[in-house]
Amino acid sequence: MTATQEPEVRTIESAAPPVRFARGWHCIGLAESFRDGKPHGIEAFGTKLVVFTDSEGELKVLDSYCRHMGGDLSQGTTKGDEVACPFHDWRWGGDGKCKRIPYAKRVPMRARTRTWQTLERNDQLFVWHDPQGNPPPEDVTIPEIRGFNEGTWTDWSWNSVLIENSHCREIVDNVVDMAHFFYVHYAFPVYFRNVFEGHIATQYSQTKARADADIYTSGEAGGPTGPGSAEATYFGPSYMIDYETTPMVFGDVQAVLINCHYPVSPTSFQLQWGISVKHPEGFTEDQANEMAAGFAGGVETGFLQDIEIWRNKAKIDNPLLCDEDGPVYQLRRWYEQFYVDVEDVTPEMVQRFEYEIDVERANEIWEKEVEENLAAGRTVVTAPGNK
Amino acid sequence: MEPVTCRTCESRVLAQKNTLAHTAIQWGDSSRCVEFAMAGGVMERAMNRSCRELRASIDDAVRSGELPVGPPDDRVAQDTQPVRFDAQPVRHG
Ligand code: FES
Ligand SMILES: [Fe+2]
């Protein structure tokens, strides 16, 4: 065969990451973690924010850099309803206005800094980011977690990690990635469907653990008795609620997983995840917490598996797909709506799109692979802590 | 993708079946769909897994041969337009 008969080498296309940050609600952490009476700094959206509590206990968010001489308000203190700058003690209110300069007769005109609109939902604190400066449309909000007011749920187990040299689009791609479940998370995706509409994107899936993977601690309660199902939805560009149902001998275990992030710079983002598990009926508090801790551990393992991939992969604008892959291009078109001005959002970005993958053939092949591994006594991974 | 009309609400969508178990549906306007209308607002509509009426209409189209089942030859051409997030200058409001 001569060189000319061979297909051309595929090149990876990759433009520089966008300089702007997504429009939408971004979760910046558990609300409670900001309620210790001190100002907190959050590096986000290419700048720094300060989160503080006023005397009513309401959380306020401002630009952290003081408009006087650039002092960092998050290093200051909360005094009454205001945050006081550590540099010259200027007092900034939650409405963005400078209320007082203790050593001056009057506050200069235009002594006003940027405020960030906040929302407290699901025990978490959100800020609204829009490069155009518009308020959030009424129907663009963070919903309350379904079923959270029925029964007892464990406190959030919450984690946060800075991902550098990566754009947050990488994590959003996961919404359509069926095959990585097998290779990265050691689970069979036995059902996989996506729906995108408006600012919302969902992944419906069912997965069961690989028998050749020594990774999922089963504990005293034993392992799952069948495939677990998940409904994982992004509400906007960065906040996902994932409802997970896992059948166990004693009944279904309901867990809610939050997967969210906020951009720090165009090439880094803070990834956060939290998990809460519903106390199964007949469980004591201790038993429920122990089981939840086991679940949280499993979820954390999953995140670390993804992170390892993101940290090392290339940004690719032109993925080469096979028929068993999910709708990566359509998902990215959906995601693009958050990076253009509202008046430039095109119908294709928001019109409803549904995609169900035929997972049958892939699973047949994977079952065979697992059988061969079992027959040969091979285990694909041993998680630290598992024997 | 081929046009399919819902037997109940007459919404026209584009559908594609690579295999019997695979389905892709590109909606235009989804506001006529009766099942979604019952769901309520934008959020509830988006959180609807699928419309059973449309699903049945697609199955009918497959049975009648109107909607061929098989991998589309044009898939690569159609799907690989890189989405680049060409950033626009930030306008502060
Ligand atoms: S820089 Fe903040 S008070 Fe001077
Ligand atoms: Fe993943």
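The expected span of a helix is 1.5 Å times one less than its number of residues. Keep that rule at hand for the first stop. The model on screen is predicted.

**Stop 1: a helix in chain B**

Select residues 52-63 of chain B, helix α3. This helix has 12 residues, so at 1.5 Å a residue it should span 16 Å. Now check the C-alpha atoms at its two ends: they lie 16 Å apart, which agrees.

Stay on α3(B) and colour its buried residues: B:L54, B:A56, B:S57, B:I58, B:A61 and B:V62. An α-helix has 3.6 residues a turn, so residues three or four places apart point the same way. What covers the buried residues of α3(B)? Show β1 (2-5), β2 (12-16) and β3 (23-27) of chain B, which are among the covering elements.

Then step past the helix to B:G65, which follows α3(B). The phi of B:G65 is positive, near 85 degrees.

**Stop 2: a sheet in chain A**

Move to chain A and show strands β5, β6, β7 and β8. These 4 strands form an open sheet, in that order, with antiparallel pairing. Which are the edge strands? They are β5 (77-79) and β8 (98-100) of chain A, and each pairs on one side only. From one strand to the next, the twist averages 40 degrees.

Zoom in on β7(A), residues 91-93. Strand β7(A) pairs with β8(A) in the antiparallel sense, over 2 bridges. Select A:R91 and look across to β8(A): A:R100 stands opposite.

**Stop 3: the iron ion**

Select ligand 2, the iron ion. Which residues coordinate the iron ion? Show A:N174 (ND2), A:H180 (NE2), A:H185 (NE2) and A:D306, which is listed with OD twice. The coordination distances run from 2.0 to 2.8 Å.

Trace the donor residues in sequence, and their spacing reads N-x5-H-x4-H-x120-D. Are A:H180 and A:H185 buried or exposed? Both are buried.

**Stop 4: A:D173**

Finish with A:D173. This residue sits in the loop between α1 (169-172) and α2 (180-183) of chain A. Its relative accessibility is 14%, so A:D173 counts as buried; the cut-off for buried is under 20%.

Which residues does A:D173 touch, leaving aside those up to four places away in sequence? Select A:V328, A:L331 and A:R332. Draw a distance between the side chains of A:D173 and A:R332: a polar contact of 2.7 Å joins them.

Key: Residues numbered from 1 in each chain as written. Chains lettered and ligands numbered in written order. Predicted model: local features only at pLDDT ≥ 70, side-chain atom pairs only at ≥ 80, totals over all residues. Heavy atoms only, no water. Donors = N, O, S within 2.8 Å, 3.2 Å for Na, K, Ca; no water. Buried < 20%, exposed > 50% of the residue type's maximum accessible area, 1.4 Å probe, protein only. Contact = heavy atoms within 4.5 Å. Pairing = 2+ DSSP bridges. Axes fitted to C-alpha atoms, helices over the stretch in contact; angles between N-to-C directions. Polar contact = N/O pair within 3.5 Å; in protein donor to acceptor, adjacent residues only side chain to side chain.
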